[in-house]
Amino acid sequence: MKFEEMINKIHLDDCYEMIKEIPDNSIDCVYIDIPYLFVNNGYQSSPLSQRIKKLRQVDLVGITEGIDYSIYSEILRVMKKINCFIWCSKNQILDTLNFFVKNGCMFEILTWNKTNPTPTTNNVFLPDIEYCLYFKEKGVKLNDGYDLKSKWFISQINKSDKDKYNHPTIKPLELVKRHLLHTTQENDIILDCFCGSGTTCVAAKELNRRFIGIEINEKYHKIACDRLNGIDANGQMSIFTDFEKLESEE
Ligand SMILES: C[S@@+](CC[C@H](N)C(=O)[O-])C[C@H]1O[C@@H](n2cnc3c(N)ncnc32)[C@H](O)[C@@H]1O
């Protein structure tokens, strides 16, 4: 496939294969939320969490096995300059930091702090923070703005988004837009190769950036494509979003 044909589409594909087709130095920003890696810390999970895990098993395929870190070399190859966000679980922070820092990047640890996490934790801290590592090299210009520069974002858990787009690890659209507004310019090309319900692609579209999305799971791929067209996972058109947009433009 020609590079131009990849742009502004969400592809149903395996990103480890498809990324090889993306030319060197062609992407302005990589924004990914990698499949998390849950490790057993020696704690026995409670009967309740075992039951929830079983109920969600189908939904969690492809989301909890972690990644093959070889994709990081491909990500470096395709970027014009290193400008990259990686949402990851706490168990993936060390490997990810090591890789990018060894490659000469500056980094920040950005967080999403949740005000109402599940209270049942089985002898560990509350799951009320998610981590997003940001890497850049010298020469990547950041846009100014007090809110854009903030390293943290506070909100409730986004249950309504999960219900609307049927993805267990969907990220807040408002936060993704804030990150992209800070680090990219109009028409830039943003790559999300683990695109899930398409949050990055929707953010890019709404901000007049171009995007390439890749998702391996057929169900999530359809949800993401529909979402780009304003249709949620229940088949509802999001007309209210459009009204809000129109009002703010008046
Ligand atoms: C953590 S989720 C991303 C959620 C997304 N940020 C959102 O807001 O909806 C990771 C996604 O990567 C997908 N995935 C896993 N392995 C993949 C692969 N090899 N190629 C493409 N997508 C993959 C999973 O199906 C899952 O939807």
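Two strands count as paired if DSSP finds at least two bridges between them. The exercises below apply this criterion to a predicted model.

**Exercise 1. The sheet**

Task: Determine in which order the eight strands form the open sheet, and which strands stand at the edges.

Solution:
- Step 1. The strand order is β1-β8-β7-β2-β3-β5-β4-β6, and the sheet is open with mixed pairing.
- Step 2. β1 (9-12) and β6 (152-155) stand at the edges; each has a single partner strand, so one side of each lacks a neighbour in the sheet.
- Step 3. On average, neighbouring strands of this sheet are turned by 15° against each other, direction ignored.

**Exercise 2. Pairing sense**

Task: State whether the pairing of β2 with β7 is parallel or antiparallel, and do likewise for β4 with β5 and for β4 with β6.

Solution:
- Step 1. Strands of a sheet pair through backbone hydrogen bonds, either parallel or antiparallel.
- Step 2. β2 (residues 29-33) and β7 (residues 189-192) are parallel and share two bridges; C29 stands opposite I190 in β7.
- Step 3. β4 and β5 (residues 129-136) run antiparallel and are joined by eight bridges; F107 faces F135 in β5 as its opposite residue.
- Step 4. β4 and β6 are parallel, with four bridges; W112 has F153 in β6 as its bridge partner.

**Exercise 3. Helix packing**

Task: Describe how α8 packs against α9, giving the angle and the distance between their axes.

Solution:
- Step 1. Helix α8 (residues 199-206) packs on helix α9 (residues 218-228) at an angle of about 15°, and the axes are 9 Å apart.
- Step 2. Angles under 35 degrees count as roughly parallel, so α8 is roughly parallel to α9.
- Step 3. The crossing of α8 past α9 is right-handed.
- Step 4. The contact brings C201, V202 and K205 of α8 to A224, R227 and L228 of α9. By class, these residues are four nonpolar, no polar and two charged.

**Exercise 4. A helix across the sheet**

Task: Identify which strands α7 lies across.

Solution: Helix α7 (residues 173-183) lies across β2, β3 (83-88), β4 (106-114), β6 and β7. Relative to β2, α7 runs at about 160°.

**Exercise 5. The ligand shell**

Task: Establish how many residues surround the ligand, and which are the closest.

Solution:
- Step 1. The ligand is surrounded by 21 residues, of which D33, F194, G196, S197 and T199 are the closest.
- Step 2. At least two residues of the shell come from each of α2 (15-18) and β8 (210-215).
- Step 3. Classified by residue type, the shell has ten nonpolar, seven polar and four charged residues.

Terms used. Residues numbered from 1 in each chain as written. Predicted model: local features only at pLDDT ≥ 70, side-chain atom pairs only at ≥ 80, totals over all residues. Near = placed C-beta within 6 Å. Nonpolar A, V, L, I, M, F, W, Y, C, P; charged D, E, K, R; others polar. Axes fitted to C-alpha atoms, helices over the stretch in contact; angles between N-to-C directions. Contact = placed C-beta atoms within 7 Å. Parallel < 35°, antiparallel > 145°, perpendicular 65-115°, else oblique. Left-handed = near helix turned anticlockwise from the far one by under 90°.
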